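Me: I have a protein model open and would like to learn how to read it. Could you take me through some features one by one?

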Amino acid sequence: MVARVVVAAPSSGSGKTTVATGLMAAFTEAGLAVSPHKVGPDYIDPGYHSLATGRPGRNLDAYLCGPDLVAPLFAHGSAGCDLAVVEGVMGMYDGASGQGELASTAHVAKLLRAPVVLVVDASSQSRSVAALVHGFASWDPEVRVGGVILNKVGSERHEELLREALDSSGVPVLGALRRAPQVRAPSRHLGLVPVAERRGEALEAVTALASQVRGGCDLEAVLALARSAPELSGAGWSPCEAFPSPAPSRLYRFAAPPRGGLRPRTPESALRASSSNAGRAEISTPDVQEPPVVAMAGGAAFSFSYAEHAELLAAAGAEVVTFDPLHDEELPPGTRGLVIGGGFPEVYAPELSANEPLRKAVAELARSGVPVAAECAGLLYLARELDGKPMCGVLDATARMSERLTLGYREAVAVSDSVLAGVGTRMRGHEFHRTVVEPGAGAAPAWGLHAPERRVEGFVQRGVHASYLHTHWAAEPGIARRFVERCKA
């Protein structure tokens, strides 16, 4: 059992990220192994969580993955840790539009049987804070609000008034944080600036947050609350066991490293499956082959990818290698598949455009029919141009910044057969962008969307699947297997 606590708030802007990241960093500095999680599809906050803990930030999204996968994914991510801190999303009871509590912080807290710490922006109230906390604590009796942290407190006198008001609420005050502009992370059109773009400054901010939380919060009380969470039943999710049947290629050749010995050219799962053969230079089987190299875009311009995607690709038999389109002029040697996830290529359009050798390499790879999966930022990178700057030219489309924010969950069905999905495959996804691609769909669209309006979206051509839609492959692991099998072919 992993001690766990969910950090929630009455509304966005209350300070969830400040408190959650500060708690993660403070407990990590104290010597605990801390597992960081984020409710919802957000991909920026997990970067700060990862910086605070030294572990991958993982998302828990009951809409994208379904409620039944939330606890198993949590157990997978937190395995071996002393404590898990889960940052909520929006207001505590705000979920998928029109679908009740689905995917809300409260919903995830109930699925995890985790106590909640409520972060309250107290900057413009005193006694009213008690009514606010009482309302949130009593709204749903299945949600256990175990404490409150007061944020943006103005002075010692202000803190005294707030604590006095909360004395009779039945919800203990676990901390009070003063206003501290120096530790705020800068924002832009889609939220906080990602860690990958300001790592040095971000590290300083996280260190400052840890100090602030350590000085203003009762960490022992928070830890005791987290340890009061009951045991979760059921097994953790496993990328090696996510597929409905064993992968076709279970065993692989071993390649000798430069300094002697044996080095597996296979995911850890396949190595374990063949442990009885360890020590042989080669394993004989009718379906033996080297794992295909799947290149995954990273760096400042492409900083978003769910950790489970790379894990599923490896479990399906791929060797996942990260590259940076801002700096690398070549794709990784032997690339047989390409994954370009989300990020902010619009911020780095001149630099991406200037890297002409890589743009040409990507275009040649796509023309050859090699599987390419591009989500949102990847879609922009594959277009002819972005804000007038030449991109890869794989797609006959142009992209530009827009004043309109496109945001929300989507119900989707695959309308064209592709390297990711067969026609009729149903997925849930998320759109989050302030750009426009014209046209919005190719001759063979990727998805048919049902909400908020019915439309087709994205591009399927040869081995390319490009779309604005962010999906979580743990919900449909067959996507990863299908992609890797196409890479092998």
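Me: Let's start with S126. Is S126 buried, partly exposed or exposed?

Reply: To decide, look at the relative accessible area: under 20% is buried, over 50% is exposed, and values in between are partly exposed. This is a predicted model, and in it S126 has a relative accessible area of 31%, so S126 is partly exposed. You will find S126 in the loop between β5 and α5.

Me: Which residues does S126 touch, leaving out those up to four places away in sequence?

Reply: Setting those neighbours aside, S126 touches L161, L162 and A165. There is also a distance to look at: the C-alpha atoms of S126 and H158 are 7.1 Å apart, with their positions 32 residues apart in sequence.

Me: The helix after that loop is α5. Which residues of α5 are buried?

Reply: Helix α5 covers residues 128–138, and V129, A130, V133 and F136 are buried there. A good habit is to look down the helix axis and see where the buried residues point. In α5 they fall within an arc of 135°, so they line one face of the helix.

Me: What do the buried residues of α5 pack against?

Reply: Their packing partners are β5 (116–121), β6 (145–153) and α6 (156–166).

Me: Can I try the same reading on α10? Which of its residues are buried?

Reply: In α10 the buried residues are E308, H309, L312, L313 and A315. Seen down the axis of α10, they fall within an arc of 165°, so here too the buried residues line one face of the helix. After α10 comes G317, with a positive phi near 115°.

Me: Let me pick H309 from that list. What does H309 touch beyond four places in sequence?

Reply: H309, a residue of helix α10, touches T471, H472 and W473 once the close sequence neighbours are left out. Its relative accessibility is 5%, so H309 counts as buried.

Me: Now aromatic rings. How many aromatic pairs does the structure hold?

Reply: It holds seven aromatic pairs. To read such a pair, check the distance between ring centres and the angle between ring planes; planes under 30 degrees apart count as stacked. Y43 and F304 are a stacked pair, with 4.2 Å from centre to centre and 20° between the planes.

Me: Why does the pair of Y43 and F304 tie together parts that are far apart in sequence, and where do the two residues lie?

Reply: Y43 is in the loop between β2 (34–39) and α2 (45–53), while F304 is in the loop between β12 (293–297) and α10 (307–315), so the pair ties together parts that are 261 residues apart in sequence. Y43 counts as buried at 9% relative accessibility, and F304 counts as buried at 5%.

Me: Which residues do ring pairs link into a cluster?

Reply: The cluster is made of Y43, F304, Y306 and F432. Y43 gives us another long-range example: its C-alpha atom is 8.9 Å from that of G343, a residue 300 positions away along the chain.

Me: Rings can also have a charged group over them. Which residue lies over the face of Y63?

Reply: That is R428, at 4.3 Å from the ring centre of Y63.

Me: Let's turn to the backbone. Which residues does a cis peptide bond join?

Reply: Omega is the angle to check. Between E438 and P439 omega is about -5°, and the bond joining them is cis. P439 sits in the loop between β19 (426–438) and β20 (447–449).

Me: And what is phi for A103?

Reply: A103 has a positive phi, near 70°, and A103 is not a glycine. A103 lies in the loop between β4 (83–87) and α4 (105–112), and with a relative accessible area of 5% A103 is buried. D387 also has a positive phi, about 50°, without being a glycine. D387 is partly exposed at 37% relative accessibility.

Me: Last one: how should I read the confidence? What is the mean pLDDT of the protein chain?

Reply: With a predicted model, read the confidence for the whole chain and then along it. The mean pLDDT is 89, and 87% of the residues reach 70 or more. Over residues 246–288, however, pLDDT stays under 50.

Technical notes: Residues are numbered from 1 along each chain as its sequence is written. This is a predicted model: local features need pLDDT of at least 70, side-chain atom pairs count only at pLDDT 80 or more; totals for chains, interfaces and linings use all residues. Side-chain values use heavy atoms; hydrogens and water are left out. Rings of Phe, Tyr and Trp (its six-membered ring) pair if their centres lie within 6.5 Å; planes under 30 degrees apart count as stacked, over 60 as edge-to-face and the rest as tilted. Helices (H or I, at least four residues) and strands (E, at least two) are DSSP runs, numbered from the N terminus. Buried means under 20% relative accessible area, exposed over 50%, partly exposed in between (1.4 Å probe, protein chains only). A charge sits over a ring if NZ of Lys or CZ of Arg is within 6 Å of the ring centre and within 35 degrees of the ring normal. pLDDT is the predictor's confidence in each residue, from 0 to 100. Contact means heavy atoms within 4.5 Å. The arc is that of the directions from the helix axis to the C-beta atoms.
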